[in-house]
Protein chains: 2
Amino acid sequence: MSCIFCKIAAGELGTKFIYESDDIVAFRDLNPQAPQHILIIPREHIEKVSDLQEKHLNIAGKLLLAAQKIAQKENLAEDGFRLVINNGKNAGQEVMHIHMHLLGGRKMNWPPG
Amino acid sequence: MSCIFCKIAAGELGTKFIYESDDIVAFRDLNPQAPQHILIIPREHIEKVSDLQEKHLNIAGKLLLAAQKIAQKENLAEDGFRLVINNGKNAGQEVMHIHMHLLGGRKMNWPPG
């Protein structure tokens, strides 16, 4: 298991989880781009959105439902937040394990990068 | 029905769909921020991610699976793309009907807005 996010999800790196369930874990980004910058990942190793298949319907849905729960817990639901998933090189995806960025605590600009 | 995205999903505005299924439609953003800028929405009127409930698990998953299908169809899977969902005022959400932006065809910057 060489994937850093698989190691994090397995608890091997002692990462503090903001949220965890049987399928999903969430933790703070090490290079935060907003006062709140959280990464939400499936425990299952899926490289990227463009690798998703029908069998991943549930886990994909759980990523978004986890975002709702985390936003609620972190008091971001009212003021708002942005969700971002980078897929591949044009988007700057750095870790090849699907991760959803949740950014909040400041006004976000447009375009989104 | 006063929601513009509900009207689009119902076909009332003659919008050309990039993708459509029983639950999801996708169409081009009128103010594109990248060579390819597509909006993916559920036909069901859900205001925002922070309103998602457990009953929305399937529709939430279908949003991400639709992104995979559209990226494939539009030849964005290999070079990459970014997915963005704005929730509420800090994120600049303009239409209160969940929509996922799919941006591709150029290198995206960081931070994402």
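This report walks through the interface between chain A and chain B in a predicted model.

Let's begin with how much of each chain takes part. On chain A, 44 residues are in contact with 44 residues of chain B. The size of an interface is often given as the accessible area lost when the parts come together. Here, chain A and chain B bury about 4100 Å² between them, and 59% of that area lies on carbon and sulfur atoms.

Now for the polar side of the story. Between the two chains there are 20 residue pairs in polar contact, with both residues at pLDDT 80 or more. The count of salt bridges between chain A and chain B is 4. One of them joins the side chains of Asp79(A) and Lys89(B), with an N to O distance of 3.2 Å.

Which elements of chain A each supply at least two residues of the side that touches chain B? They are helix H2, strand S4 and strand S5, and H2(A) gives the largest share, 11 residues. The residues on this side of chain A, sorted by character, are as follows.

| Character, side of chain A that touches chain B | Count |
|---|---|
| Nonpolar | 19 residues |
| Polar | 16 residues |
| Charged | 9 residues |

Strand pairing also links the two chains. S4(A) runs antiparallel to S4(B), and the two strands pair over 7 bridges. Residues 81–87 make up S4 in chain A, and S4 of chain B also covers residues 81–87. If you would like a spot to look at in the structure, try Asn87(A), whose bridge partner in S4(B) is Phe81(B).

How values were computed: Residues numbered from 1 in each chain as written. Chains lettered and ligands numbered in written order. Predicted model: local features only at pLDDT ≥ 70, side-chain atom pairs only at ≥ 80, totals over all residues. Heavy atoms only, no water. Contact = heavy atoms within 4.5 Å. Buried area = accessible area lost by both parts, 1.4 Å probe. Polar contact = N/O pair within 3.5 Å; in protein donor to acceptor, adjacent residues only side chain to side chain. Helix = DSSP H or I, 4+ residues; strand = E, 2+ residues; numbered from the N terminus. Nonpolar A, V, L, I, M, F, W, Y, C, P; charged D, E, K, R; others polar. Pairing = 2+ DSSP bridges.
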